[in-house]
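Take a walk through this chain, from its strands to its charged side chains. Keep the sequence and the model side by side.

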Amino acid sequence: MCIVKPSRLKKGDLVGIIAPASPPNLENLERGIHFLKSLGLKVKIGKSVKNINGYLAGTDEERVEDLHEMFLDHEVKAIICACGGYGTGRLAKKIDFEIIKKNPKIFWGYSDITFLHTAIYQKTRLVTFHGPMLGSDIGKEDTHPLSKDGFLQLFEQRKLDYTEQLSLLTVVVEGKASGPIIGGNLSLLVSTLGTPFEIDTKGKLLFIEDINEEPRAVDRMLNQLYLAGKLHEANGIIIGDFCDCTPKRELSLSLDEVIHHYMKLANKPAIGGFQIGHCNPHIAIPLGVHTEMDTFEKRLVVESGIL
């Protein structure tokens with residue numbers, strides 16, 4: 001199945017806002033919406049975005065309905081997630097992927113949205129976007145300009161050429177590798193294992209990031225990916241930001257020790273230090289597109305995700 005790139009945005013287009021996971025911070029969301037409007041876009045807000053059902057933004061049925069409605073609405077040209085949190089994995093079995101396949105369009109988010117990125121790619125091959133969200137990132141007053149700049153890739157074809165001009169990069173395993181880039185939040189990737197949406201890393205560049213996980217938890221998750229063959233099957237591994245993943249106990253391995261252990265076991269080209277994930281700035285990337293990594297040059301080149 002060939003990948004499907006969504007059409008680019010233009011000024012005046014309508015974008016849909018949904019909360020497929022947890023309820024967003026409404027003040028931040030409003031500021032995020034103002035940012036989208038400053039780009040010349042119009043906004044349609046999903047019916048359940050402001051709903052609260054414990055740690056969920058409405059029931060599973062309400063959140064799936066918002067997702068389906070935005071893909072079915074021919075006037076909506078992109079779907080932007082308000083925030084992450086928890087709950088997208090609960091939606092996967094309820095999603096009609098034929099709707100997405102017949103109505104391909106830009107889909108943008110990260111963190112808990114990783115489950116949807118993985119499921120959508122594997123069921124439809126639609127290129128989606130791992131990028132900062134309105135309520136959790138863009139609407140904050142200290143959001144870095146580079147985080148906002150990432151949205152411009154939705155208006156014109158522009159590849160990402162990530163070098164140490166953006167952040168200090170650390171080579172873990174030397175080598176060159178290429179393939180479609182997939183992945184996202186490590187916790188969510190591990191949660192797909194053993195399900196109909198299990199991540200397929202064969203011939204891919206696997207990207208990982210996470211937040212608030214102690215090294216022992218990162219160890220457990222990477223070990224599960226390793227035992228499942230997911231690290232060996234990947235062509236290369238891209239290590240994003242692991243925010244606040246520090247030990248809470250006196251006796252602990254460091255995060256670097258844990259990550260380096262599994263990267264060396266996998267023995268695939270691996271490089272870390274990318275400002276992609278729960279960080280500020282957060283560099284947005286398309287998922288599913290051809291990507292090349294070169295540890296000798298400390299470079300990652302990601303092709304454009306739009307037509």
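Which residue does the side chain of Arg299 meet in a salt bridge? The partner is Asp161, with N and O 2.7 Å apart. This is a predicted model, so the distance is a computed one. The pair links distant parts of the chain. Arg299 sits in strand β14, residues 299-302. Asp161 sits in strand β6, residues 160-162. The two are 138 residues apart. Arg299 is partly exposed, at 29% relative accessible area. Asp161 is partly exposed too, at 35%. Elsewhere, salt bridges with shared partners join Lys44, Lys47, Glu69 and Asp73 into one network.

The count of salt bridges comes to 19. One of them joins Glu141 to Arg31, with N and O 3.9 Å apart. Glu141 lies in the loop between α5 (134-138) and α6 (145-149), and Arg31 lies in helix α1, so this pair ties together parts 110 residues apart in sequence. Glu141 is exposed, at 74% relative accessibility. Arg31 is partly exposed, at 33%.

Another salt bridge pairs Lys94 with Glu61, the closest N and O atoms being 3.6 Å apart. Lys94 belongs to the loop between β3 (76-81) and α3 (97-102), and Glu61 belongs to helix α2 (residues 60-72), so the contact ties parts that are 33 residues apart in sequence. Lys94 is partly exposed, with a relative accessible area of 38%.

Now turn to a charged residue without such a partner. Asp112 is buried yet has no salt bridge. Which side chain of opposite charge is nearest to Asp112? That is Arg63, 6.5 Å away. A salt bridge needs nitrogen and oxygen within 4 Å, so a pair at a greater distance does not count. Asp112 occupies the loop between β4 (106-109) and α4 (114-124). Leaving aside residues up to four places away in sequence, Asp112 touches Ala21, Gly84, Gly85, Tyr86, Gly87, Thr88 and Leu188.

Strand β4 holds another residue to inspect, Trp108. Is Trp108 buried or exposed? Trp108 counts as buried, because its relative accessibility is 0%. Its contacts beyond four places in sequence include Ile79, Ile80 and Cys81. Among them are also Phe129, Gly131 and Pro132. Gly150, Phe151, Gln153 and Leu154 touch Trp108 as well, as does Ala284. For a sense of scale, the C-alpha atoms of Trp108 and Ser136 are 13 Å apart, with their positions 28 residues apart along the chain.

Go back to the start of the chain for the strand pairing. Strand β1 (residues 14-18) runs parallel to strand β2 (residues 42-45), with four bridges between them. Ile17 has Ile45 in β2 as its bridge partner. Between these strands comes helix α1, residues 26-38. Together, β1, α1 and β2 make a right-handed β-α-β unit. Arg31, met above in its salt bridge with Glu141, lies in this helix.

The next stop is a stretch marked in a record. An unreviewed UniProt entry annotates residues 178-292 as "domain: LD-carboxypeptidase C-terminal". Over this range the chain is 30% helix and 28% strand. The end C-alpha atoms of the range are 4 Å apart.

Strand β9 (residues 205-211) pairs on two sides of the story. Strand β8 (residues 176-185) pairs with β9 in the parallel sense, over five bridges. Gly183 has Phe207 in β9 as its bridge partner. Six bridges join β9 to strand β10 (residues 236-243), again in parallel. Here Leu206 stands opposite Ile237. Why is β9 described as largely enclosed by the rest of the structure? Six of its seven residues are buried.

Some backbone details remain. Asn212 lies in the loop between β9 and α8 (215-227). Its phi is near 55 degrees, a positive value in a residue other than glycine. Asn212 is exposed, with a relative accessible area of 51%. Asp244, in the loop between β10 and α10 (255-266), also has a positive phi of about 55 degrees. Asp244 is partly exposed, at 47% relative accessible area. Last comes the peptide bond from Asn280 to Pro281, which is cis, with omega near 10 degrees. Pro281 is in the loop between β11 (270-272) and β12 (285-287).

Definitions and conventions: Residues are numbered from 1 along each chain as its sequence is written. This is a predicted model: local features need pLDDT of at least 70, side-chain atom pairs count only at pLDDT 80 or more; totals for chains, interfaces and linings use all residues. Side-chain values use heavy atoms; hydrogens and water are left out. UniProt positions are given in the numbering used here, feature names are shortened, and annotations may be inferred rather than shown by experiment. Buried means under 20% relative accessible area, exposed over 50%, partly exposed in between (1.4 Å probe, protein chains only). Lys and Arg count as positive and Asp and Glu as negative; His and the chain ends are not counted. Contact means heavy atoms within 4.5 Å. Two strands pair if DSSP finds at least two bridges between them. A crossover is right-handed if, with the strands pointing away from the viewer, the path from the first strand over the helix to the second runs clockwise.
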